[in-house]
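Here's a quick walk through a protein model, for anyone meeting it cold. Have a look at it first, and then we'll start from one spot and work outwards.

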Amino acid sequence: MTDSPAVAVFRPDDDRLTAAISLLESLEAEPVPDPMLAVEPTDATPRTDADAVVLTSKTGVELVAAAGWEPGEATVCAIGPATAEALRDEGYAVDVVPEEYTSSGLVEALADDIDGQRVEVARSDHGSPVLLEGFEGAGAYVHETILYRLVRPEGSGRSVERAADGELAAACFTSSLTVEHFLDAADERGVREDALAGLADATVGVIGEPTADTAAEHGLEVDVVPAEATFEALARETLAAVRDGEE
């Protein structure tokens, strides 16, 4: 392995990808940027009669802010620190950020307070059912608004070729959909088995247990699930595992 391990990163082609590339370079890795998600807005906005509104991504925050959405008296909940920061950057007050930055963590944070309340979940079309089921189980009346659809960008897949050729030291998957889109790109190129074999010899990091479950369902062995569900933690812990394997 070289001093600069090649690490595939699948963040959307915006400032998140730029930040991911900068982080990997600062960690002396060679980024292999390959966006596996593109955003198609639906032009929908969250309901205005909810007691609590949950936002799960920076993208969702930017879309509701651009639409001029106002939360009124609703409790504003962010699934993690990146979403909370995006909300504050747009001028919104953030009332709840769970200690565990996951859907189940947010359910746990709100469960004691939402019995009989109206909870609005505003997110992409690929959100985990954990939020909806968890809030309903806590007695809330739950409504979901799809703010945007996530699709695979045309031309994605350069990392698939690198994996199939055994040229990746690691891959950092940031959602179940990035796993699925990576494999779709491999199928499109006719190199699925080779790509899976290449990843089997690499270090595979995923951002949380739902993504780990998806990877396992598709025959992809996961090596790293970071303690904190952020890209920075994922990148750092994945690279640490790569370098531990070199020793």
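Which residues does Val 119 touch, not counting residues up to four places away in sequence? The list is Ala 52, Val 54, Ile 114, Phe 135, Ala 140, Tyr 141, Val 142 and His 143, where contact means heavy atoms within 4.5 Å. Val 119 sits in strand 6 (residues 118-124); helices (H or I, at least four residues) and strands (E, at least two) are DSSP runs, numbered from the N terminus. At 2% relative accessibility, Val 119 counts as buried. Buried means under 20% relative accessible area, exposed means over 50%, and partly exposed is in between, with a 1.4 Å probe and protein chains only. One of those partners, His 143, is 24 residues away from Val 119 in sequence and 6.3 Å away in space, C-alpha to C-alpha.

A word on the ground rules. This is a predicted model, in which local features need pLDDT of at least 70 and side-chain atom pairs count only at pLDDT 80 or more, while totals for chains, interfaces and linings use all residues. Residues are numbered from 1 along each chain as its sequence is written, and side-chain values use heavy atoms, with hydrogens and water left out.

**The whole chain**

Stepping back, the chain's secondary structure adds up to 10 helices and nine strands. Its radius of gyration is 19 Å, close to the 18 Å that the globule rule gives for 247 residues, so the chain is as compact as a globular protein of that length. (The radius is taken over C-alpha atoms, and the rule is 2.2 Å times the number of residues to the power 0.38.) Along its principal axes, the C-alpha trace spans about 55 × 35 × 30 Å.

Of the 247 residues, 48% count as buried. Take the contacts between residues at least 6 apart in sequence: 66% of them join residues at least 24 apart. On the outside, the chain exposes about 11500 Å², and carbon and sulfur atoms supply 42% of that; these areas come from the Shrake-Rupley method with a 1.4 Å probe.

What about charge? The chain has 15 positive and 52 negative side chains, and the centres of the two sets lie 5 Å apart. Here Lys and Arg count as positive and Asp and Glu as negative, with His and the chain ends not counted. Each charge is placed at NZ of Lys, CZ of Arg, CG of Asp or CD of Glu.

An unreviewed UniProt entry lists residues 22-235 as "domain: Tetrapyrrole biosynthesis uroporphyrinogen III synthase"; such annotations may be inferred rather than shown by experiment. Over residues 22-235 the chain is 39% helix and 20% strand, and the end C-alpha atoms are 11 Å apart.

**Helix 2 and its cover**

Helix 2 covers residues 58-66, and its buried residues are Thr 59, Gly 60, Val 61 and Val 64. An α-helix has 3.6 residues a turn, so residues three or four places apart point the same way. The cover over the buried residues of helix 2 includes helix 1 (15-26), strand 3 (38-41), strand 4 (52-55), helix 3 (81-89) and strand 7 (141-151). After helix 2 comes Gly 68, with a positive phi near 80°.

**Two loops with a positive phi**

Glu 28 also has a positive phi, near 65°, in a residue other than glycine. Its home is the loop between helix 1 and strand 2 (30-33). Asp 43 isn't a glycine either, yet its phi is positive at about 70°; Asp 43 lies in the loop between strand 3 and strand 4.

Here is how these two score for accessibility:

| Residue | Relative accessibility | Class |
|---|---|---|
| Glu 28 | 55% | exposed |
| Asp 43 | 72% | exposed |

**Three more stops**

Thr 174 is in the loop between strand 8 (170-173) and helix 7 (176-189). Is Thr 174 buried or exposed? At 14% relative accessibility, Thr 174 counts as buried. Leaving aside neighbours within four places in sequence, Thr 174 is in contact with Arg 11, Ile 207, Thr 211, Phe 231 and Leu 234.

Ala 109 belongs to helix 4 (residues 103-110) and is partly exposed, with a relative accessible area of 35%. Not counting residues up to four places away in sequence, Ala 109 touches Val 96 and Pro 98.

Finally, Glu 136 is found in helix 5 (residues 129-137) and counts as partly exposed at 48% relative accessibility. Glu 136 and Val 53 are 83 residues apart in sequence and 14 Å apart in space, C-alpha to C-alpha.
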